[in-house]
Amino acid sequence: MSSVAYSSPALTYYGGYHTTAGHEQHNAAVAAAHPDLVKLYDIGDSWKKTQGQGGHDIQALCITKLTPGDCALNSTGKKPKFVLHAQIHAREIVTGEIAYRWIDLLVSSYGADPEITALLDSRELWVVPIANPDGVDVVASNPARPLLQRKNVDDSAGECLSGYAGVDLNRNSSFHWDPDEGGPCTEMYPGAKAGSEPETVAIQGLLATIFPDTKGAVDEPAAPFTSGVFLTLHSYGNDILAPWGYTRTAAPDRAALVALGNKMSAFTGYPVFTGDGGIGYLTPGSTTDWLYGTRGVPSYTFEIGPRTGGCAGFLPPYPCVSSTFWPLLKPALVYAARAAAAPYRQLP
Ligand SMILES: [Zn+2]
């Protein structure tokens, strides 16, 4: 894939981070090179695209050793599903790179690495590398010093003095959405109503299509036979957040959710927090609460990166991806994918 001749628009910025166009080129190249392993889907439009202002399709890849019925847009496939979701907050630039490397690891290791080969033979490995493509365009528009756009770029509620209008896509889900209190220019503006944004509709549409509903009422646990694991990558703080995020009441599967979180934490060293313990803030309208709350799938937020040091914050130098973040995340992702077969039971 590295032999592809690159042309404008720029495919990287800030020392090597991939732009939205870079991810799109990569997704297309991977799908073309590995038709036996990859299905590439357009799962919906970004806000700008819905407005006829350019914008992007939101892309999802399903990676597996394809056999009939695999990676279909339904919930009846035979292989358990692991979903990796990244860069919903555009300025959290490490996250898309982790997704990029995960894609490359999977397609390049099939038939060569026994563990990855076994994963592709037995799991559907879904990846949404850029959940907020319009936002990433803003971030990458200043390649030497990326802009700190967090939200999508929906400015229909008005312009902002900060220059960063938009809706926080991780507060916009259809599950326990809370109305705005601070106004549309706050960094966590949740939108005019639950699920108002096309990016939210796209990801909820995909996940509701591929995962069956194994969960009853909000205070009832998921069925023990639930399969699947969902990880959404954020920055920063070096922690793992498990449901609930919207309330200080414990989730019905809290013990099992924390137990699986701790297994992944063994690789990253990130402590696991839930809304009812330790984290100090609530996240109503998050992607993870929505998926766990509506489908019962164990869903985690990884806050990648330290608060201090040379690889801290939203904009670590690009070499930090290879030196620090990928070595921590790679084994955690492999573990999560293995766990997707029976996530409420413990793997060794
Ligand atoms: Zn974030």
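Q: How are helices and strands named here, and where is the place of Gln53?
A: Helices and strands are DSSP runs, numbered from the N terminus. In this predicted model, Gln53 sits in the loop between helix H2 (47–50) and strand S4 (57–63).

Q: Is Gln53 buried, partly exposed or exposed?
A: Partly exposed covers the range between 20% and 50% relative accessible area. Gln53 has 43% relative accessibility, so it counts as partly exposed.

Q: Which residues does Gln53 touch, not counting residues up to four places away in sequence?
A: Trp47 and Lys48. As for distance along the chain, Glu97 is 44 residues apart from Gln53, and their C-alpha atoms are separated by 26 Å.

Q: What are the protein donors of the zinc ion?
A: They are His89 (ND1), His234 (ND1) and Glu92, which is listed twice through OE; these donors lie 2.0 to 2.4 Å from the zinc ion. The spacing of the donor residues in sequence is H-x2-E-x141-H.

Q: Why are His89 and Glu92 classed as they are, buried or exposed?
A: The cut-off for buried is under 20% relative accessible area. His89 counts as buried because its relative accessibility is 2%, and Glu92 is buried because its value is 2%.

Q: What is the geometry of the zinc site?
A: Four donors count as tetrahedral if all angles lie between 85 and 135 degrees. Here the angles among the four donor atoms run from 58 to 152 degrees, and the site is irregular.

Q: How do strands of a sheet pair, and what is the strand order in the open sheet?
A: Strands pair through backbone hydrogen bonds, either parallel or antiparallel. The open sheet here has eight strands in the order S3-S4-S6-S5-S7-S10-S8-S9, with mixed pairing. Strand S3 (38–45) and strand S9 (272–274) stand at the edges; each has a single partner strand, so one side of each lacks a neighbour in the sheet. On average, neighbouring strands are turned by 20 degrees against each other, direction ignored.

Q: How many bridges join S8 to S9?
A: Three, and the two strands run parallel. Ala242 has Thr274 in S9 as its bridge partner.

Q: Which helix packs on the sheet?
A: Helix H3 (residues 94–109) does, touching S3, S4, S5, S6 and S7; its direction makes about 145 degrees with that of S5.

Q: Which residues have the most contacts inside the largest nonpolar core?
A: Ile63, Phe82, Trp102, Leu231 and Phe302, in a core of 90 residues. Helix H9 (residues 319–339) gives the most to this core, with twelve residues. Beyond its neighbours within four places in sequence, Ile63 is in contact with residues including Leu37, Ile103 and Leu125.

Terms used:
Residues are numbered from 1 along each chain as its sequence is written. This is a predicted model: local features need pLDDT of at least 70, side-chain atom pairs count only at pLDDT 80 or more; totals for chains, interfaces and linings use all residues. Side-chain values use heavy atoms; hydrogens and water are left out. Helices (H or I, at least four residues) and strands (E, at least two) are DSSP runs, numbered from the N terminus. Buried means under 20% relative accessible area, exposed over 50%, partly exposed in between (1.4 Å probe, protein chains only). Contact means heavy atoms within 4.5 Å. Donors are N, O and S atoms within 2.8 Å of the metal (3.2 Å for Na, K and Ca); water is not among the atoms, so sites may look incomplete. Four donors count as tetrahedral if all angles lie between 85 and 135 degrees; four count as square planar and six as octahedral if opposite donors are over 155 degrees apart and all others between 65 and 115; anything else is irregular. A nonpolar core is a set of buried Ala, Val, Leu, Ile, Met, Phe, Trp, Tyr and Cys residues joined through side-chain atoms within 4.5 Å. Two strands pair if DSSP finds at least two bridges between them. Axes are lines fitted to C-alpha atoms, for helices over the stretch in contact, and angles run from 0 to 180 degrees between N-to-C directions.
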